[in-house]
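Got the structure open in your viewer? Keep the selection box handy, and we'll go from stop to stop.

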Amino acid sequence: MVLNSYIIDYLWTYLTKEYEMGLKIKFIALLCFFVWKNASCQKNKNTPDSLPNVVLIFTDDQGYNDVGVFGANDISTPNLDQMAKDGAKLTNFYAAQAVCSASRAGILTGCYPNRIGIHNALMPNSKKGLNTEETTLAEMLRSKGYATAIFGKWHLGDQKEFMPNNHGFDEYFGIPYSNDMWPLHPQQGPIFNFDPLPLYDNEMVIDTLTDQTNLTTMITERSVDFIERNKESPFFLYVPHPQPHVPLFVSDKFKGKSNRGLYGDVITELDWSVGEIIKALEDNGLTDNTIVIFTSDNGPWLAYGNHSGSAFPFREGKGTAWEGGQREPFLIKYPKKIAGGVTIDAPVMAIDIYPTLAEVTNSKLPEKIIDGKSAWSLLSGKTTESPQEAYFFYYRVNELFGVRYGKWKLYFPHTYRTMDGQEPGKDGLPGNYKMVDLNEIELYDLESDSSETKNIAAAYPKIIAKIEKLANEMRIRLGDSLQEMEGMENRAPGIIH
Ligand SMILES: [Ca+2]
């Protein structure tokens, strides 16, 4: 409510003339009430009630081709397909890195994972974890009054101080690292010696898993319950499903439901889970003001053959910087602000999610440098441009494998793994990768050759020079082990001494 100063002046003059002092005091009290009410009305516009809820659904090792609207014709994903109709589908979205822990560090902090010292997949009992000095997405949103929860797989350090409750999450239910880090690993004994896989409820281990059949269902039920309990205030719900990472598990209700074997059944159940979460939002009147994001942490784990997803039409998969390793299905729906049925082809990376959500929720970015840039102008239709000039594909411990620049993808000499020509894995047992040396710079035009089959480096020296310049600038900032370069801006991970 707005009080017109003219009306106040008029009333004041009128009262001065006509009334005794006592009434004037009453008027002052009344005026104070109006001013207070006015201020509180203005505050209401920015209170948590008007901020959008955020649901981030993050699957594990799911390929680009494992969603109907991204090309799968042997798995039915009606709920994800509906998300694409109700929101935007991004065809050039990249995970922050092609492996579990690094990818998660990227999406939760807005940083290239190597900036904050998180590499590869952390093993159980690792002394390392996400540094508590970093500000996670959960911490950023909690500072705006959000209720926060993670239901699923954490994988950013299993020492107590690195666990979700110490990284901005009010609630945690799930497993601390990958679902194959357990005694039933097919290579337990010869290669690994895993302890039982703990299931956490906040900071308490409530069980050790010997079977994961109902894990997707439990995570879904927790998510629906969290939405119902928090419908009155804004919330951030992070759902990093442990599936379809091997070992694959599906509940009885989805067994045999797809035309792509157990892997397809698992995706069918994950799609069901997405549908349950979206239905819970609808049932509670939260659809319009909730941002729902769906993506995966990295491409398919091709060593597992029929238990792996598909990155078709892209080359290679998890653990490589080729398109199949990092290009992921990505859907976002936010009916209040994002048009439905939109396809966005400009490149975006998971590191951009953090600053995008900061912009939408008017949150303060951390003082420490982050790498992501807001993609809000792109998502809301104000531009068709990528938020960044280039994206950098690091792997292992700070090795810069490649760069995406416009329609171009350049690879520096490095060693990568492939299943090409190898005996594929089967029914939960992995095949063996072959290592390949890339000895020269290679360049691909992703617009005309998205499968990266024709190296055209020889024809584009100017493009290569431009990308090398960008890479050199990044090497000064974040380093490159392949060049034996230390970065100036890298920060240490959390370490338990
Ligand atoms: Ca993964």
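Start by colouring by confidence: the chain has an average pLDDT of 92, with 90% of the residues scoring at least 70. Keep in mind that this is a predicted model. Now pick out residues 1-19, where pLDDT stays under 50 and the model has 12 contacts beyond four places in sequence. Residues 30-48 are also below 50, and that stretch has 13 contacts beyond near neighbours in sequence. Where pLDDT is low, the predicted coordinates shouldn't be read in detail. You can hide both stretches for the rest of the tour.

**Stop 1: the core**

Select F236, L237 and I293. In the largest nonpolar core, which has 121 residues, these three touch the most other members. Which helix gives the most to this core? Show residues 261-283: that's helix α7, and it contributes 11 residues.

Zoom in on L237. Setting aside neighbours within four places in sequence, its contacts are V55, A149, S223, F226 and I227. There's also a second, separate core of six residues; to find it, select I175, Y177, M181 and L197, which are among its members.

**Stop 2: V55**

Go back to V55, which sits in strand β1. Is V55 buried or exposed? It has 25 other C-beta atoms within 10 Å, and 20 or more is the cut-off, so V55 counts as buried. Beyond residues up to four places away in sequence, V55 touches L237, I277, T290, V292 and I293. For a longer view, draw a distance line from V55 to S251: they're 196 residues apart in sequence and 23 Å apart in space, C-alpha to C-alpha.

**Stop 3: two helices side by side**

Show helix α6 (residues 215-229) together with α7. The two pack at an angle of about 10°, and their axes are 9 Å apart. Angles under 35 degrees count as roughly parallel, so that's what α6 and α7 are. To see where they meet, turn on side chains for T216, T220, S223, V224, I227 and E228 in α6, then for E269, L270, S273, E276, I277, A280 and L281 in α7.

**Stop 4: an enclosed helix**

Next, select residues 100-109, which make up helix α4. How many of its residues are buried? The count is 10 of the 10, so α4 is largely enclosed by the rest of the structure. That includes R104 as well as I107 and L108. To see what surrounds the helix, add β1 (53-59), α5 (137-142), β8 (235-240) and α9 (353-360), since the buried residues of α4 pack against these. Just after the helix comes G110, with a positive phi near 75°.

**Stop 5: β5, β6 and β7**

Select β5 (residues 171-175) and β6 (residues 197-201), which pair in the antiparallel sense over two bridges. Here G174 stands opposite Y200. Now add β7 (residues 204-209): five bridges join it to β6, and these strands run antiparallel too. P198 has T208 as its bridge partner in β7. β6 and β7 make a hairpin with two residues between them, and N202 in the turn has a positive phi of about 55°.

**Stop 6: the four-stranded sheet**

For the last stop, show the open antiparallel sheet of four strands, in the order β13-β14-β15-β18. Which strands are at the edges? They're β13 (390-395) and β18 (442-445), each pairing on one side only. Ignoring direction, neighbouring strands are turned by 20° against each other on average.

Now bring in helix α11 (residues 461-478), which packs on the sheet and touches β13, β14, β15 (408-411) and β18. The direction of α11 makes about 130° with that of β14.

Follow β14 (residues 399-405), joined to β13 by six bridges. Y394 has L400 as its bridge partner in β14. The hairpin of β13 and β14 has three residues between the strands, and R396 in the turn has a positive phi of about 50°. On to β15, which pairs with β14 in the antiparallel sense over four bridges, with L410 as the bridge partner of V403. That hairpin has two residues between its strands, with G406 at a positive phi near 60°. Finally, check how covered β14 is: six of its seven residues are buried.

Note on methods
Residues numbered from 1 in each chain as written. Predicted model: local features only at pLDDT ≥ 70, side-chain atom pairs only at ≥ 80, totals over all residues. Core = buried A, V, L, I, M, F, W, Y, C linked by C-beta atoms within 7 Å. Buried ≥ 20, exposed ≤ 12 C-beta atoms within 10 Å, placed from the backbone. Contact = placed C-beta atoms within 7 Å. Pairing = 2+ DSSP bridges. Axes fitted to C-alpha atoms, helices over the stretch in contact; angles between N-to-C directions. pLDDT = per-residue confidence, 0-100. Parallel < 35°, antiparallel > 145°, perpendicular 65-115°, else oblique.
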